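Biologist: I should like a close look at a single part of this structure, namely the way in which one chain is divided and joined. Please define each term as you come to it.

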Amino acid sequence: MARRTLVFAGLSAALALAVVTSLAFGAVAVPLGETIEILLGNGGGGPHQQIVETLRLPRTVEAMVVGAALGIAGAILQGALANPLASPDVIGVTGGAGFGAILIIILFPGSIALLPVGALAFGLLAAALVFSIAWSGANRGSTGKVILAGIAILSLFTAATTGLLAAYPERAPSAIFFIAGGLTSSGWDEMATIWPYFAAGFLCAALLIRPLDRLALGDDVSASLGSRPHLIRLGAAVAAALLAAASAAIAGLLGFLGLVVPHVVRMAGGTSSHTFVVPASAIGGAALLAAGGTLARTLRAPIEMPVGPFMVVLGVPLFLWLLRKVV
Amino acid sequence: MDTGEQESNGAPMLQARGVEVEIAGTPILHGADLRVERGELVAVVGPNGAGKSTLVRAVSGLQRLAAGAALWSGRSVEEMRGRELARARAFVPQRMPVPAGVTVREAVTIGRSSHLRPLRRLSDADRGGIEEAMERARVTRFAERSLRTLSGGELQRVQIAIGLAQEAPVLIADEPTSQLDLGATIAIASLLRDLVSDGLTVILVVHDLALAAAVADTAVIVSRGRTIAAGRPTDVLNSERLAETWGADARLTEHGGRTALHVAWTGLTDRGGDEAS
């Protein structure tokens, strides 16, 4: 128990640090003390306050929400499918969202505001295709069937995306930022459209924590307790699809985060209990993405780089260190 | 533990009739009956593949019925969902998967979760129920240990504790002793018998006929997808039936609480082996 409290404390401290640095650093550095004053409402209305409030705060909040969403999506999918390789990629969401976004970038370059909608719609469409295949016929809802259907649909959408990029090579460069995963400074607009999907996904995930702990003791124990295992798996997949598609709409393709963060918190906490893993993955994912976002913005300021590679650079060494030490 | 009392007047704890089950188009059960009275221990016995596990899974609501009916205190299992089902019976599988880092107490707490509304925390009554389930299954001593560090016998008792935490009046155990050594088997047998003395009803799927005869009030014999006999173990498990159903030249004896199955292991004696093959 103490170890879990320690992990929570560590993750929360990391998140607080990542948030404050994300607000303070950028093309213009705002002193840490002033950043905190601005956050507390004592900013005094100078240009720093405007930078923090209108540019950095929305982006930092986006990073936290997307990071938490992907961490949770990975945690509940790995739990529901009892498979350590499960991530939003596996239920087709990432492939679909990528295709939807590239479709807008390449075919409707004038309406780039539609990009989040395209990513969201195709992400959910891909997941719906996976679910309708995996939850019908014999063995409906079995782990193997979900994963195989997911990989097939993922390949299909990836191929379509590659085809589009190959057909319009001159427009491919503008797609790279989305594919690599990037946070933009577009204020609150995207969040204003997408937040209900996040809200629904977070609520489903919270309701799934207990059923997932039952499922961890096997389908029979779960059924003995009155749950229906294939419905728990479906619920988890739907919640993960909502969270991952909404994330892709805002920040591009960051599937790696959903795969790795739950493993990191499981190894650090020494338990696979969802009461611990789901909230810890949310905090861990938020911290990792906020920190990655700061790096992506400051290393070559004022040029903004996509956050995906930086997050990977931060996350992989930690993951590998734990993998060596714990497993 | 007053589940179903109001509608139980006269109705047996479990009454299953004409149960048929198909799995992936293959008929597994075609006409099985199972009647269980309040407070008895019923052993379901039969050869491998006869349909014993399928029968108890079907009456528990873990397996869809193709035909027939299973009534818990008069109410059909097919009409029960969620919490109602969890409070009617607890099903203890042969071997559950064991998640990493989960302690015995946490696992038993999961068994209690059928009592909780979504997002609600454990009440004092729930905590008491968890402690009591661990006491009764004799796992309190290692409550803080991780499931992965337990022996087979300890893990089986934890599984029973998870079932007890449901506080259902019936515990159904599917071959709990099939992978255990003699001492651990005795521990499970005496535990189940004590639970019955405390008022619990137990349905036990078991291979070991000497064990079944020792612990059960009633033995139900399943053969080739049908129930073919039910009654006092030493009556229904007579030599003729052991020959017909198991193809064994064997005799079951009981004396002073000890049971024994005397078997012609190499089939050298005259009866049984040939006619069954």
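Modeller: In this predicted model, the centres of domain 1 of chain B and domain 2 of chain B, taken over C-alpha atoms, are separated by 23 Å. Domain 1 of chain B comprises 5-89 + 168-232, and domain 2 comprises 97-167; such bounds come from an automatic or database domain assignment. Residues are numbered from 1 along each chain as its sequence is written, and chains are lettered from A and ligands numbered from 1 in the order in which they are written. Because the model is predicted, local features need pLDDT of at least 70 and side-chain atom pairs count only at pLDDT 80 or more, while totals for chains, interfaces and linings use all residues.

In the contact between the domains, 14 residues belong to domain 1 of chain B and 13 residues to domain 2 of chain B. Two residues are in contact if their C-beta atoms, placed from the backbone, lie within 7 Å. On the side of domain 1 of chain B that touches domain 2 of chain B, at least two residues each are supplied by α2 (82-88), β7 (170-174) and α6 (182-197) of chain B. Here helices (H or I, at least four residues) and strands (E, at least two) are DSSP runs, numbered from the N terminus. The largest share of that side, 5 residues, is provided by α6(B). By residue type, this side of domain 1 of chain B holds 11 nonpolar, 1 polar and 2 charged residues. Ala, Val, Leu, Ile, Met, Phe, Trp, Tyr, Cys and Pro count as nonpolar, Asp, Glu, Lys and Arg as charged, and the others, Gly among them, as polar.

Strand β7 of chain B contains B:Val170. B:Val170 counts as buried because it has 25 C-beta neighbours inside 10 Å. A residue is buried if 20 or more other C-beta atoms lie within 10 Å of its own, exposed if 12 or fewer, and partly exposed in between, with C-beta atoms placed from the backbone. Leaving aside residues up to four places away in sequence, B:Val170 touches B:Met13, B:Leu14, B:Arg89, B:Thr201 and B:Ile203. Its C-alpha atom is separated by 6.9 Å from that of B:Ala88, although B:Val170 and B:Ala88 are 82 residues apart along the chain.

Chain B also meets chain A: 26 residues of chain B are in contact with 19 residues of chain A. On the side of chain A that touches chain B, α8 (189-216) and α9 (219-224) of chain A each supply at least two residues, and α8(A) gives the most, with 6 residues.
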